[in-house]
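Colleague: I would like to learn how to read a model of this kind, feature by feature. Where should we begin?

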Amino acid sequence: HSLLIRVDASHCQAVQAENVTVLEGGTAQISCRLQNYDGSIVVIQNPRRQTLFFNGTRALKDDRFQMVLFTQRLVRITLTNVSVSDEGGYFCQLYTDSTHHQVATLSVLVPPETPTVEVKQEAVEGGEAELTCVSPRSKPAATLRWMRKGREIAGVVSLQDNGKTFSVSSTIRIPVERKDDGAALSCEAFHPALNGQKRIRHYRLDVYFAPTVRIVPPAGILREGDSLTLTCSVTGNPLPRNTQWSKINDTLPERAEISGTTLQISRLSQSHNGTYLCQAQNDYGRAADHYTLLVYGDLPTHTICLSCSSSDPGAVVETHSAVPYAVIGGVLALLVFTVICVLIVTIWCSVRQKGSYLTHEASGLDEHGEVQEAFLNGNDASQGKKEYLL
């Protein structure tokens, strides 16, 4: 933009100067407009009052200044590769009977570079992350804004005056958990010289946390002669470089092979029974998980896996077990025996009830015969009755 400044009209102005605003590193045009010029001396001076041009002739050895136009109405010079040190008032002087001068003010804008993000405090699970967005140089001072998921995060702004330019910073403190690892943040810089645009620095949270360990058990039933493969699944930030396999209260079998996070044992036997342990560690903690193996001889093999993580007291314990076939056979035999007993008792009760009915029926027939005989023989029948003891 430009501002036209006039000398007091009562003195019949003879010179005008235009203010100039330019970006650092750009080219500025400094113009002096003349009125009623009669060939008098025209002098252009810099803010330090050093003469740049005297009637169109270079007076200062600075090749960045060039005389591009000298007419009776307009004198124009250019300044290339402008810096903030070139700021100030440039004098347009016209020497007549009374000296006239006017000042063209040169303003230099310094747009910010893309801001940087400094980690003031490491983000550790359960703690806070302290991040500072820095715009080291701008003029005027840039405006900084932190954003996360489209929402602004309020920061503490600090402004430092470096003379001609300004340094700006914005600091935020945010609580972090394991789930925040890799979360996207951004710091945006706004400035008049960017014409509504913005400079953005993207940043991803790096949250440190202790490792977790989980042994992935094999699928299916293992029998003598089979191979066992255990995989140790490890997480953590930073990710532990190494995992350690061991056997509790014993050494690993001779046939055990370790490849990365995998433990393999070929040709299983009962001597391999025991508890196997996988451990991992980083700078923020350690964790372990164990696997208990039971191998049966010629019987079907049943593997019981008890997994628990020592780094997490609330970890879920996974148990994998199979019911022995002998127990199932015993239960079935007991059921068959019970059914047979019930049938025997039922048959016995039925037979007994039928015998009692026949006995009572025979007794009734005897009594009927005695009554008939008494009716025919009169009272003598009772006398003729005798009892025999057998």
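Modeller: With a charged pair: the side chains of Arg173 and Glu128 meet in a salt bridge, at 2.8 Å from N to O. Arg173 belongs to strand β18 (residues 166-175) and Glu128 to strand β14, so the pair links distant parts of the chain, 45 residues apart. Keep in mind throughout that this is a predicted model.

Colleague: What is the general idea behind such a pair?

Modeller: Side chains of opposite charge can pair when their charged atoms come close. The structure holds 15 salt bridges.

Colleague: How are Arg173 and Glu128 classed by relative accessibility?

Modeller: Arg173 counts as partly exposed because its relative accessibility is 44%. Glu128 falls in the partly exposed class too, at 31%.

Colleague: Which residues are joined into one network by salt bridges that share partners?

Modeller: Asp62, Arg64 and Asp86. Within that network, Asp62 forms a salt bridge with Arg64, and the closest N and O atoms are 3.5 Å apart. Arg64 has 23% relative accessibility and therefore counts as partly exposed.

Colleague: Which residue forms a salt bridge with Arg137?

Modeller: Glu24, with 2.7 Å between the closest N and O atoms. This pair also links distant parts of the chain: Arg137 is in strand β14 (residues 128-138), Glu24 is in the loop between β3 and β4, and 113 residues separate them. Arg137 is partly exposed, with a relative accessible area of 35%. Glu24 is partly exposed as well, with 29%.

Colleague: Now the interior. How many residues does the largest nonpolar core have, and which of them have the most contacts inside it?

Modeller: To read a core, look for buried nonpolar residues joined through side-chain atoms within 4.5 Å. Here the largest one has 27 residues, and those with the most contacts inside it are Leu52, Phe65, Ile77, Val82, Tyr90 and Leu106. At least two residues each come from β2 (15-18), β3 (20-23), β4 (28-34), β5 (41-45), β6 (51-54), β9 (74-79), β10 (88-95) and β11 (100-109). The most comes from β4, with four residues.

Colleague: Take Val82 from that list. Which residues does Val82 touch, not counting residues up to four places away in sequence?

Modeller: Val82 touches Val22, Glu24, Gly25, Gly26, Thr27, Ala28, Arg64, Leu106 and Val108. Two of these have come up already: Glu24 as the salt-bridge partner of Arg137, and Arg64 as the partner of Asp62. There is also a second, separate core of 19 residues, which includes Val213, Leu230, Ile265 and Cys278.

Colleague: Back to the strands of the larger core. Why is β10 said to be largely enclosed by the rest of the structure?

Modeller: Because six of the eight residues of β10 are buried. Next, look at its pairing. β5 and β10 are antiparallel and pair over five bridges, with Ile41 opposite Tyr95 in β10. β10 and β11 also run antiparallel, joined by seven bridges, and Leu94 stands opposite His100 in β11. These two strands, β10 and β11, form a hairpin with four residues between them.

Colleague: What about a charged residue type away from the salt bridges we discussed: is Lys247 buried or exposed?

Modeller: Lys247 counts as buried because its relative accessibility is 7%, and the cut-off for that class is under 20%. Lys247 lies in strand β23 (residues 243-247). Leaving aside neighbours within four places in sequence, Lys247 is in contact with Leu252, Ser271, His272, Asn273, Gly274, Thr275 and Tyr276.

Colleague: And on the surface, which residues form a nonpolar patch?

Modeller: Ile328, Val331, Leu332 and Leu335, which together have about 360 Å² of accessible area. Leu332 lies in helix α1 (residues 325-377).

Colleague: Which totals describe the whole chain?

Modeller: The protein chain has two helices and 29 strands. Of its 390 residues, 34% are buried. Among contacts with a separation of 6 or more, 57% are between residues 24 or more positions apart. The chain exposes about 24,200 Å², and carbon and sulfur atoms supply 53% of that area.

Notes
Residues numbered from 1 in each chain as written. Predicted model: local features only at pLDDT ≥ 70, side-chain atom pairs only at ≥ 80, totals over all residues. Heavy atoms only, no water. Buried < 20%, exposed > 50% of the residue type's maximum accessible area, 1.4 Å probe, protein only. Contact = heavy atoms within 4.5 Å. Patch = residues over 30% accessible without salt bridge, like charges linked within 9 Å, V, L, I, M, F, W, Y side chains within 5 Å. Areas by Shrake-Rupley, 256 points an atom, 1.4 Å probe, with all protein chains shown as cover. Salt bridge = Lys/Arg side-chain N within 4 Å of Asp/Glu carboxyl O. Pairing = 2+ DSSP bridges.
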